[in-house]
Each structure stands twice: as structure tokens, then as C-alpha cells.
Amino acid sequence: MANNERAVSDGHFLDGTRYGAAKVKKFSTSRYGIIGSAFLDSTLIQDLKNLVPGKRVLDIGCGAGNWCVTAAQYGAKSVDGFDIQPEMVELAKQATSHLDMVHIQVGDAADIPFDGDSFDVVLSFFVTCNLPPNGFTKHFQELHRVLVPGGKALLLIPTDWSHSKLYTKIEADPSTVKREIAQILSTVPKYPTTSQVTETFRNTDDILVTCFAVDDKGEIFNVTNTSQLSHGQPIWRKTEVMTFPNFFYSEQSTIDQFVTNGLHIEKTDNNFTEERRITYNKSNPAIPLSIDYVKHPTALVYHVSKPL
Ligand SMILES: C[S@@+](CC[C@H](N)C(=O)[O-])C[C@H]1O[C@@H](n2cnc3c(N)ncnc32)[C@H](O)[C@@H]1O
């Protein structure tokens, strides 16, 4: 499949999403934004500390290479990272150039450029939501193929809440924000491009997380229930950092893929605890996070293994 084959918009392609050079740069510095700093980064670092020492590690869709660096720092024997976007690969190469055991290349999660049974640990952080339906299915088959029997994988995947709920700043009134969104959406052209969606929502500071999609008449809408979306539908996920082109997959679809491919779910971690929210809010009074993040976590970490 041609790397730049266009699927739906200037962000959704037939082999995955593309952010464009400016957003790639922004992602590399802001990473997962406030949900990373408040809830995710500390556990993922601890998970890698436990999992990677002495292991051959693969980072699927490695982005700017941050987790490749962490894996190397915590004693991985080797780290291979790949990503579909050449701009991401360039940043990942720069970030890891001082680490001899790390190798970065361009590659597709649907056709992983390594032999079977090659890795003890595989990471896939916020990658499945960037893959079109064919790539989504193949990602899990490929992940299973490259893991050694007994190998472990760690996956970070958006929850159904992150597709259906509006998360706002604490001081904002959600019904006012909803009205503002409806007013803004009425100005968006039919069948909008990613650039148009991003541009329209550039100055909407009260929105922290929400999801948009296009209906069968080409009209953009704010998703309020995952039943409004179909498997693999192109969507846009707006966060406080930026608006990402994504594809929709329900949590159940992910679980189905683990089961179909014989990957055993050892545990799922919900890192969105009240304790972390309080700690974060004490040190970040400028944008305190509401209880919504704890009641409705936006991402789950899956620990899976390939049976012996
Ligand atoms: C949200 S970013 C996450 C990056 C990295 N895993 C991290 O956690 O920092 C999603 C990444 O998936 C990559 N991606 C999209 N489609 C892909 C594909 N078919 N194969 C490999 N990577 C892909 C994007 O280029 C992007 O870097």
C-alpha cells in the first residue's frame, strides 16, 4: 500500500494517521499532555522498569522515541522502534542517537519489519487508534507474531469514555461549552479536512478532551455516545494539546483482538486515581483537573502475554 495514499482527510490515510510536520514537533514536546503528567507517565515508567531489564524490546509506532529512551535507560538489551511518519522517525533518531542499543526506522504496524519470535517485550502506546480497520486487525496479528512465546506486551489504548464524553476545565460550565461547540460546528464545512477541524477549534481553551466525527451527510458532530460511531470510523480527538486525526475502535473491539489472536490479558491498569488527581492539582493550580478524569478514565493500559 502506498505510504501516502489518502483515505478520508488530510489526516486520515489508508495506512494510518499523519499529523504533519508542525504537529509532529508539538506532539514530541507535549507528549500526552495533562493526562500523561497527572496519571499515565509515572505508572508506565514503573512498568518499563519492571519489564525491560535485559530484554529485547520493540516499540510499535514509537513516535518521537520517548519510550525507546526510557526502555534503554532501564536496561533493555536492545530497543527497536518504528513509526509510519518519517518526521516522527527523524525526531526519534535524534532523541536516541546517543544510545547504541536503540535502532529506529520507518515501518508499518500492519506489516512489522521483523522476523517472528524476535522480541521479549512489545510496546504499543496510543497506536491502535491511529490505524484504519485493516491495519487495526493486522497490528494485533503482527504483535503476536513478533513476540516470543512467554513474551509480554504493554498497550495504551483510549477508552470508550474518551470518545463520548466532554471533559472541560473545572471552572467552565459544560452546558455553556456544549452550546459553544454547537455554534462552532455550524461554521464547519461539509466533509471537513483535519486542517479545517483543527483551525476551527484552535482557540477553544475550555475544552480539554472531546471527539468529533462526520455523519453520512458529511456534517461534523460532537460525539456523545459511541453508538454514533462505527468500527474504524475516522474521528478527530481534541485534547488540550491539539486535535489529532484518529480512528474509532471500542474497548470491546480491542479485547476481541486479544482473544482472537491468542494473547492473554494479564491485567488492565486504570491509572486515573483520585490520589493522583489531587497531587497533580496541588502542583498545577492553573489547570486543575476535574473529578471526571477519575470517574471516566480516558485511557487504559493492557498488560498481555503470548502463551508458552
Ligand atoms: C499518539 S502517537 C504515539 C507515539 C508513541 N507511541 C508515544 O506514545 O509517544 C501515535 C503514533 O502512531 C504512528 N502511526 C500511525 N499509523 C502507524 C502505522 N501504520 N504504523 C506505525 N506507526 C503508525 C503515528 O505516526 C504516531 O507517531
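**View 1. The residues around the ligand.** Asp-15, Tyr-32, Gly-61, Asp-83 and Gln-85 come nearest to the ligand, out of the 21 residues around it. Keep in mind that this is a predicted model. Sort the shell around the ligand by residue type and you get eleven nonpolar residues, seven polar ones and three charged ones.

**View 2. Backbone atoms facing ligand nitrogens.** Here we look at polar backbone atoms of Gly-61, Ile-84 and Phe-125. For Gly-61, a polar backbone atom is 2.7 Å from a nitrogen atom of the ligand. For Phe-125, the distance between a polar backbone atom and a ligand nitrogen is 2.9 Å. Ile-84 has a backbone N or O atom that lies 3.4 Å from a nitrogen atom of the ligand. As for cover, the ligand taken alone exposes 600 Å², and the protein buries 98% of that.

**View 3. The ligand in its cavity.** Where does the ligand sit? You'll find the ligand in the largest cavity.

**View 4. The largest pocket.** This one is about the largest pocket, which has a volume of about 250 Å³. Its lining is made up of 18 residues, and Lys-26, Arg-202, Glu-240, Val-241 and Met-242 are the closest to the pocket's centre. Three elements, α1 (21-30), β9 (207-214) and β11 (234-239), each give two or more residues to this lining. The largest share comes from α1, with three residues. By type, the lining of the largest pocket splits into seven nonpolar, four polar and seven charged residues.

Conventions:
Residues are numbered from 1 along each chain as its sequence is written. This is a predicted model: local features need pLDDT of at least 70, side-chain atom pairs count only at pLDDT 80 or more; totals for chains, interfaces and linings use all residues. Side-chain values use heavy atoms; hydrogens and water are left out. A residue is near a molecule or strand if one of its heavy atoms lies within 4 Å of it. A polar contact is a pair of N or O atoms within 3.5 Å; within protein, one must be able to donate a hydrogen and the other to accept it, and residues adjacent in sequence count only if both atoms are side-chain atoms. Accessible areas come from the Shrake-Rupley method with a 1.4 Å probe; for residues, only the protein chains shown count as cover. On a 1 Å grid over the protein atoms alone, a cavity is a set of points where a 1.4 Å probe fits but cannot get out, and a pocket is an open set with protein on both sides within 12 Å along at least five of seven lines; lining residues have an atom within 4 Å of a point. A molecule sits in a cavity or pocket if more than half of its atoms lie within 2 Å of its grid points. Ala, Val, Leu, Ile, Met, Phe, Trp, Tyr, Cys and Pro count as nonpolar, Asp, Glu, Lys and Arg as charged, and the others, Gly among them, as polar. Grid points are joined across faces, edges and corners, and a volume is the space filled by probe spheres set on the points. Helices (H or I, at least four residues) and strands (E, at least two) are DSSP runs, numbered from the N terminus.
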